[in-house]
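User: I should like to learn how to read the features of a modelled complex. Could you take me through this one?

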Number of protein chains: 2
Amino acid sequence: MNKLTVELLLTGNELLCGDVIDSNSAFIAQELATLGLEVTRRVTVKDDLGLLSEEIAAQSKRADILIVNGGLGPTVDDMTAQALSNAAGVPIACHPDAMAHLEDWCERRNYQLNEPNKKQAMLPQGCDIIANAVGSAVGFFLELNGCLIYTSPGVPRELKTMMQDEILPHIRQRKTIENHTDISRFGVFGLGESTIQEMVNDAFPDWPQNIELGYRAAMPNIEIKLTSHDQQAHDIKPLWQQRLVELLGAHVIGFGKTTMAQALVNALNESAKQVTFAESCTGGLMASQLTTVAGSSAVFEAGFVTYSNAIKTSILDVQESTLHDHGAVSKPVVEQMLNGALNKSGADYGVAVSGIAGPGGGTQEKPVGLVWIAWGSSNKMQTAALYIPLGRQYFQQYVAAVGLDLIKREVLGETQAPVYLEARKAKLN
Amino acid sequence: MNKLTVELLLTGNELLCGDVIDSNSAFIAQELATLGLEVTRRVTVKDDLGLLSEEIAAQSKRADILIVNGGLGPTVDDMTAQALSNAAGVPIACHPDAMAHLEDWCERRNYQLNEPNKKQAMLPQGCDIIANAVGSAVGFFLELNGCLIYTSPGVPRELKTMMQDEILPHIRQRKTIENHTDISRFGVFGLGESTIQEMVNDAFPDWPQNIELGYRAAMPNIEIKLTSHDQQAHDIKPLWQQRLVELLGAHVIGFGKTTMAQALVNALNESAKQVTFAESCTGGLMASQLTTVAGSSAVFEAGFVTYSNAIKTSILDVQESTLHDHGAVSKPVVEQMLNGALNKSGADYGVAVSGIAGPGGGTQEKPVGLVWIAWGSSNKMQTAALYIPLGRQYFQQYVAAVGLDLIKREVLGETQAPVYLEARKAKLN
């Protein structure tokens, strides 16, 4: 297998000081992945000619393909051309094609070609220019130490056009690309990374070496990614993915980038049912997540954010005596909240939550992190008390995900209980 | 000036393949900048033990301080500890402090400590652990080739706490830092970057050269950053910041990382008033943003997510005839929604929104992106129609921010109208 080594080099002080979050390199990696190419190493350096030249020389010795991004502009801090000249040991000179592009670019915009612009035509001797259809700076290509080096502009829309229209076709032409990489992914909720790893270790001691298993925490979910690099692995992967999905059961949210809210909307749509939410500690988060999904109006009409006791009573008909006897964070209160929400909304299914998000409001008996959840329909209602002592915002995110998950399982008729109902169960006095 | 060389090393296939955009390194750089430290080079490598070990060895020779981020988790693709062991030429061993942290962490969450978790206590011999207040993985510190090496978790909230509470103080203790850089920042809503730049150019042709003015888009807000590098600039900066804040007026959200929701909670707290929300197109987003703020229960009791016409009528007493005559996205409907929410909640102030988030549901007369907003109190109610054709999720985020901003201005008694009420005004037929 002819596996090519690909590296990236990004330049720019703004990328290092934290003012700009680098999204170009993700774009470049995704484009290269379409050719089955994988980036193994990425270096970001400040705008310093010495550092840049040194880095290009080192990377050209290690990699088969190097994409340099940024530093092609007209200002003094743009020094990619000079750095590549230094690394290659060739002089820098005015490139006639680059100058023609600049003149044409200025003419079409009725600009005067100025001195800083002319700098953009000063390129390492012997390089080929790479057309830029949408900006003044051309890219350029040079082979050094057997490495194909491409320079590209930092402006995202210029980079996009140049990658897709020029650089990728050029790589295809120069290298025999065997389109080897195939990635599939799915989301999981309610199992930690280490638990999943252990389940996999136990269930699949024979997990094939050529199917890479990757995990990514995307709070509160885990994304699982299966990567294969050759045809034999591509062929067996669907079977192993299926085994893995069966192992994880209803903890699987869905394939690709499916969110929990999307999965719930899908389940409700398929059964032509509606859902409602009665939210205390999550403050509307379940409703707002559900309604980020386009078309959610078919499955959702009403949500209730009842933050105080008085409002739980006036809006959801929770009895004052129940609040008095048991407190707002209690099983009978969430049951009454759910009943109230189902009655007022006319929805088939509902979730009610009441808990202590913190940082204040906790007691010995009912600490910060305690939440009572009721879910189901007027015929079949279940409740649980969980303990999620993870800070206010994470608590809210986690509880909202639990609420959406529990009702999704109910809609789908899932009979097995999720692991977290036991693992995160609150110890009640 | 004793200028220290600082490098970063990030690990993770997900960072290289384009699945995840790296925001951790920007955060680390910003934190280091508060000590006057500048990152000169950042390397990102895939989860490969050989590459990682080699890179750590090379960076330790070049840098005074190296922050390694990621690869501390329990799964097989987490290999930072092993790589640092290799680079330092020391064995890996169970670290008692790390094991104690893990046991404690699991016990407090009522988890069973499993085999993959135990891997997180296997660290390079002789390292010191760095406490992780919010996650299972401890960081660790080791000195190699005169370079201070800190490893930190990839999960942003764990990284945040560890950087601020542990790593920065440790660096301060170990290195003579001349604290040269001072950064102050504040958030702005409702003005674009170029508009702000133009306002600044017009108002302050004499803006001092030694106070750097930076902008960062943090949708839907803009963060403004004032950076000074010497004492003279530190001294004059508060005055210039004050001038700038006065220029931008009530478009300023607040200092530091103050969110719009926090600013509204502050305003309500100061006047001892309460707010309610009647949400259609934002689906609970205003309520859920407000309730992310600790202590919001003092100023918020009830929110209503009324997604359908029937629910607008049954829950908020919107008249069926009004819905029939004007449609749900109309001035009289949001007025009635607001009245209903104020009556039902007993709150002093309220916001009601009804709009077309899309992608479906638009018409020629009422296109996707149109929203009607009513805000105020039962004595003084205002309405506006805006046009925000920016895609479903951005539309929801922007409309929620507008709602919170408009009512915050009302609570504060701000008399000048925000720029967006005119700039984004819908053209109605």
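Analyst: The discussion below turns to confidence, then the interface, then one helix. This is a predicted model.

User: What is the mean pLDDT of chain A, and how should such confidence be read?

Analyst: Where pLDDT is low, the coordinates should not be interpreted in detail. For chain A the mean pLDDT is 92, with 98% of its residues at 70 or more. For the complex, the predictor gives an ipTM of 0.77 and a pTM of 0.77.

User: How many residues of chain A are in contact with chain B?

Analyst: Interface size is often expressed as the accessible area lost when the parts come together. Here contacts are counted instead: 62 residues of chain A contact 68 residues of chain B. The chain A side comprises 27 nonpolar, 23 polar and twelve charged residues. Strand 2 (residues 39-45) of chain A also pairs with strand 2 (residues 39-45) of chain B, antiparallel and over five bridges; A:Val45 has B:Arg41 as its bridge partner.

User: Which residues of helix 12 of chain B are buried, and why do they line one face?

Analyst: In an α-helix there are 3.6 residues a turn, so residues three or four places apart point the same way. In helix 12 (residues 309-316) of chain B, the buried residues are B:Ile311, B:Lys312, B:Ile315 and B:Leu316. Viewed down the helix axis, these buried residues fall within an arc of 105°, so they line one face.

User: What covers the buried residues of helix 12 of chain B?

Analyst: Both chains contribute to the cover, which includes strand 14 (300-306) and helix 14 (331-345) of chain A, and helix 13 (320-326) of chain B. After helix 12 of chain B comes B:Asp317, with a positive phi near 60°.

Notes. Residues numbered from 1 in each chain as written. Chains lettered and ligands numbered in written order. Predicted model: local features only at pLDDT ≥ 70, side-chain atom pairs only at ≥ 80, totals over all residues. pLDDT = per-residue confidence, 0-100. Contact = placed C-beta atoms within 7 Å. Nonpolar A, V, L, I, M, F, W, Y, C, P; charged D, E, K, R; others polar. Pairing = 2+ DSSP bridges. Helix = DSSP H or I, 4+ residues; strand = E, 2+ residues; numbered from the N terminus. Buried ≥ 20, exposed ≤ 12 C-beta atoms within 10 Å, placed from the backbone. Arc of directions from axis to C-beta.
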